[in-house]
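Student: I should like to learn how to read a protein model step by step. May we go through this one together?

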Amino acid sequence: MASSFSACAKAELCKSIPQKSCCALAECFGILLFCNSFGADGIRIITESREFSQRLPKLFRKAFGVTFDQQPDEESSGKHNFQITSPEKIAVIMEAYGFEPNGTLSLHINLPIVEDDCCRAAFLRGAFLAGGSVTDPAKAYHLEFTTVHQRVAREAYTLVQEVLNFAPKSASRGGGQVLYLKQSDQISDCLAYLGASVAAMGIIEAKLEKELNNKVNRRCNCDEANTSKVVVAAQEQIAAIRILRERGVLEQLPDKLLKAAIAREEYPEYSLSELAAVMEPAISKPAMNHRLKKLVQLSQEVSQ
Ligand SMILES: [Zn+2]
């Protein structure tokens, strides 16, 4: 099965583990706040990304020295299910972010965790890996982050605005909050910021390709329309020349008109400018147009 664009972007983001422990902590924070569930009663992260599922255990070990209580086999495919249920481990994780282990306080983005630039990018990368997706740019421009926590969505909105200099759109969907981007340049900026520069280029290339195709299509439609006009006009002119010949008028015409008639019969498919160019001496396109119109007009006069 071909990997989706989103899966490729995620794989790219998983190529290396954060070097600094501040960033590991920040990335885990993004993952936890945008994953399936994160609370005093347990942590559950479900992902279809094989690369992300290989990254998760290393990342949690680095950030908290904690292992998952349940994790999929290395070889498993489809949905990968990770869980932490041990109260001690959950307490360690909650405390790392300054939350009371059994507190009822709603989860939020604890600002000191995302204070440094490196950690802000790590946080949003985690959020994207756990709760984000990006659509194949050949189909549509769409990148989104989804969280079940209202307050986290509001704070992440501000964070995205700060680091990327544009505001995402936001919406509620099935009890969750979605932050999303719809403009190709914003999506490529966002992917590049997260660290997926290949995927970011993919967005830019797709856009260029679309623009090129549109240009070619417009050009073709335009050429076709012009071509059919040329053909209709040429047919009318050739019919006129035939009438003039049948009535014995053609040979009587001034040299300029006679030459124009001969050229048109010889090159029925030529446009006005092409026909003007083969005249000897070459004449202007308006002059050519004038002569051919005169031929048509004369044929109408002799037919009356
Ligand atoms: Zn950092």
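Tutor: Certainly. This is a predicted model, and a good place to begin is a pair of helices: α2 and α3 cross in the left-handed sense.

Student: What angle do helix α2 and helix α3 make, and is their arrangement parallel or oblique?

Tutor: Helix α2 covers residues 21-34 and helix α3 covers residues 50-64; their axes are 8 Å apart and the packing angle is about 120 degrees. Angles of 65 to 115 degrees count as roughly perpendicular, and those over 145 as roughly antiparallel. The angle of about 120 degrees fits neither range, and the pair is therefore oblique.

Student: Which residues of α3 meet α2, and how do the residues of this contact divide by class?

Tutor: From α2, the contact uses Ser21, Ala24, Leu25, Glu27 and Cys28, and these meet Leu59, Phe60, Lys62 and Ala63 in α3. By class, the contact of α2 with α3 divides into six nonpolar, one polar and two charged residues.

Student: At what angle does α2 cross helix α5, and is that crossing left-handed or right-handed?

Tutor: Helix α5 spans residues 117-131, and its axis comes within 7 Å of that of α2. The two axes cross at roughly 35 degrees. The crossing of α2 and α5 is right-handed.

Student: How many nonpolar residues does the contact of α2 with α5 have?

Tutor: The contact includes Cys22, Ala26, Phe29 and Ile31 of α2, and among its α5 residues are Cys119, Ala122, Phe123 and Leu129. Glu27 of α2 and Arg125 of α5 also take part. Beside three polar and two charged residues, the nonpolar ones number 16.

Student: Which strands stand at the edges of the sheet with the order β1-β2-β3?

Tutor: The three strands form an open sheet with antiparallel pairing. An edge strand has a single partner, so one side of it is left without a neighbour in the sheet. Five bridges join strand β2 (residues 42-47) to β3, with arginine 44 bridging to glutamine 83 in β3. The edge strands are β1 (37-39) and β3 (80-84).

Student: What is the order of the open sheet of four strands, and which strands are at its edges?

Tutor: The order is β4-β5-β7-β6, with antiparallel pairing. Each edge strand has a single partner, so one of its sides is left without a neighbour in the sheet. These edge strands are β4 (132-134) and β6 (169-173).

Student: Which residue of β7 is the bridge partner of alanine 171?

Tutor: Strand β7 (residues 176-181) pairs with β6 in the antiparallel sense, over five bridges. The partner of alanine 171 in β7 is valine 178.

Student: Which helix packs on this sheet?

Tutor: The helix touches β4, β5 (143-147) and β7, and its direction makes about 105 degrees with that of β7. It spans residues 184-194 and is named α7.

Student: Where does the backbone contain a cis peptide bond?

Tutor: The loop between α10 (272-278) and α11 (285-303) holds proline 281. Omega is about -5 degrees for the bond in question. This cis bond joins glutamate 280 and proline 281.

Student: What is the phi of asparagine 165?

Tutor: Asparagine 165 lies in the loop between α6 (150-164) and β6. Although asparagine 165 is not a glycine, its phi is positive, at about 65 degrees.

Student: How far apart do the C-alpha centres of domain 1 and domain 2 lie?

Tutor: The chain is divided into domain 1 (5-195) and domain 2 (226-303). The distance between their C-alpha centres is 73 Å.

Definitions and conventions:
Residues numbered from 1 in each chain as written. Predicted model: local features only at pLDDT ≥ 70, side-chain atom pairs only at ≥ 80, totals over all residues. Pairing = 2+ DSSP bridges. Helix = DSSP H or I, 4+ residues; strand = E, 2+ residues; numbered from the N terminus. Contact = placed C-beta atoms within 7 Å. Axes fitted to C-alpha atoms, helices over the stretch in contact; angles between N-to-C directions. Parallel < 35°, antiparallel > 145°, perpendicular 65-115°, else oblique. Left-handed = near helix turned anticlockwise from the far one by under 90°. Nonpolar A, V, L, I, M, F, W, Y, C, P; charged D, E, K, R; others polar. Domains from an automatic or database assignment.
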